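Trainee: Could we go through this model together? I would like to see how each label follows from its cut-off.

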Amino acid sequence: MAAALALAERGVGQTGLNPSVGCIIVKEGIVVGRGWTQKGGRPHAEAMALAQAGSAAHGSVIYVTLEPCAHQSDRGPACALLLMDARPARVVVALEDPDLRTAGEGIKALMAAGIAVETGVMASEARKSLAGFLSRMQLLRPFVTLKIATSLDGQIAMADGSSRWITGDIARAHSHIERARADAILVGSGTVKADAPQLNVRLTGLEHRSPRKVMLGSGDAPDGWEIIRAPADIAKLDCNNVMVEGGAATATAFLKAGLVDRLSLYRAPIFIGAGKACLGDIGLGQLADAHGLWQLCDSRSLGKDRLEVYERAN
């Protein structure tokens with residue numbers, strides 16, 4: 001299952017409204033097929049793995065990170081039917097599919113066909129991998145990651161607005177990897193007007209994974225950009241993962257609206273002093289209300305800089 005989850009990561013940010021799923025097929029201790037959801041959402045992971053395995057899938061054990069879909073689509077057959085035709089001995093599923101079109105029906109169909117099914121294997125890891133899809137199913141909006149790069153004293157720019165570069169090359173490269181995992185990247189209209197950001201992925205071999213560009217605010221956006229008027233309008237973007245990059249007003253707006261699920265905080269070992277703070281008023285009534293909302297889930301050095309990743313505690 002860990003290998004299937006690793007495969008699923010390849011499709012994050014590339015599968016449209018579909019979840020990015022991984023699948024491994026094992027026969028007599030040998031991997032005979034593997035797959036992950038392809039760009040645009042098709043083929044599904046199971047279809048890709050079964051095509052590779054061929055007749056070897058018969059009697060095998062199939063590991064898949066999300067319950068095989070049970071609903072028919074104009075874009076391809078239901079994965080539960082494909083698995084039933086392949087006749088594996090057992091199917092191991094990390095998470096049941098919350099999509100009401102499947103929602104347990106895929107598992108029921110496999111069991112009715114005499115195929116053993118085991119569920120819940122590495123379920124917590126699968127929830128993290130499928131966070132964007134699960135957010136869209138359960139909260140009706142994409143999963144939002146807020147990225148902030150600051151000095152040690154929480155400044156994102158000098159007083160005159162100059163901010164290139166606060167962090168070093170390694171930290172910036174890491175942030176571009178995170179961009180490559182997003183469906184869309186969002187900044188405020190002030191940032192668009194002041195910086196004319198490219199918001200692309202500038203890593204060799206990953207340029208094609210540059211996300212959709214979204215501007216928060218009013219006015220005209222550059223060609224190829226989308227516009228939303230308020231943070232809540234991310235629900236209209238029809239995607240799984242959104243990365244919010246700036247600036248301070250936009251970060252403040254998303255936090256104030258309670259729409260940040262993950263915070264990626266890059267900190268450079270510098271002091272700026274009287275500069276531009278990373279946040280404004282987020283509507284905090286009293287200090288006690290600030291505690292218990294976030295939990296640290298990752299921390300690492302990136303060259304001379306430091307990355308801390310926090311997720312909502314609930």
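Mentor: Gladly; here are the labels, one by one. This is a predicted model, where local features need pLDDT of at least 70, side-chain atom pairs count only at pLDDT 80 or more, and totals for chains, interfaces and linings use all residues. Residues are numbered from 1 along each chain as its sequence is written, and side-chain values use heavy atoms, with hydrogens and water left out.

Trainee: Why is M122 called partly exposed?

Mentor: Buried means under 20% relative accessible area and exposed over 50%, with partly exposed in between (1.4 Å probe, protein chains only). M122 has 30%, so it is partly exposed.

Trainee: And what makes L140 exposed?

Mentor: Its relative accessible area is 61%, which is over 50%, so L140 counts as exposed. L140 sits in the loop between helix 6 (131-138) and strand 6 (143-150); helices (H or I, at least four residues) and strands (E, at least two) are DSSP runs, numbered from the N terminus.

Trainee: What is notable about the phi of L140?

Mentor: Phi is positive, about 65 degrees, although L140 is not a glycine. M122 also has a positive phi, near 55 degrees. Most residues other than glycine have a negative phi, and most peptide bonds are trans.

Trainee: Which peptide bond is cis?

Mentor: The one joining R42 and P43, with omega about -10 degrees. P43 lies in the loop between strand 2 (30-36) and helix 2 (45-53).

Trainee: How do you know that E67 has no salt bridge?

Mentor: A salt bridge needs a side-chain nitrogen of Lys or Arg within 4 Å of a carboxyl oxygen of Asp or Glu. Lys and Arg count as positive, Asp and Glu as negative, while His and the chain ends are not counted. For the buried E67, the nearest side chain of opposite charge, K108, is 8.4 Å away, so the cut-off is not met.

Trainee: What polar partners does the side chain of E67 have, then?

Mentor: The backbone nitrogen of G104 lies 3.0 Å from a polar atom of that side chain, and the backbone nitrogen of I107 also lies 3.0 Å from one.

Trainee: Why do strand 1 and strand 2 count as paired?

Mentor: Two strands pair if DSSP finds at least two bridges between them. Strand 1 (residues 22-27) is joined to strand 2 by 6 bridges, so the two are paired, and they run antiparallel. G22 stands opposite W36 in strand 2. The two strands form a hairpin with 2 residues between them.

How values were computed:
Polar contact = N/O pair within 3.5 Å; in protein donor to acceptor, adjacent residues only side chain to side chain.
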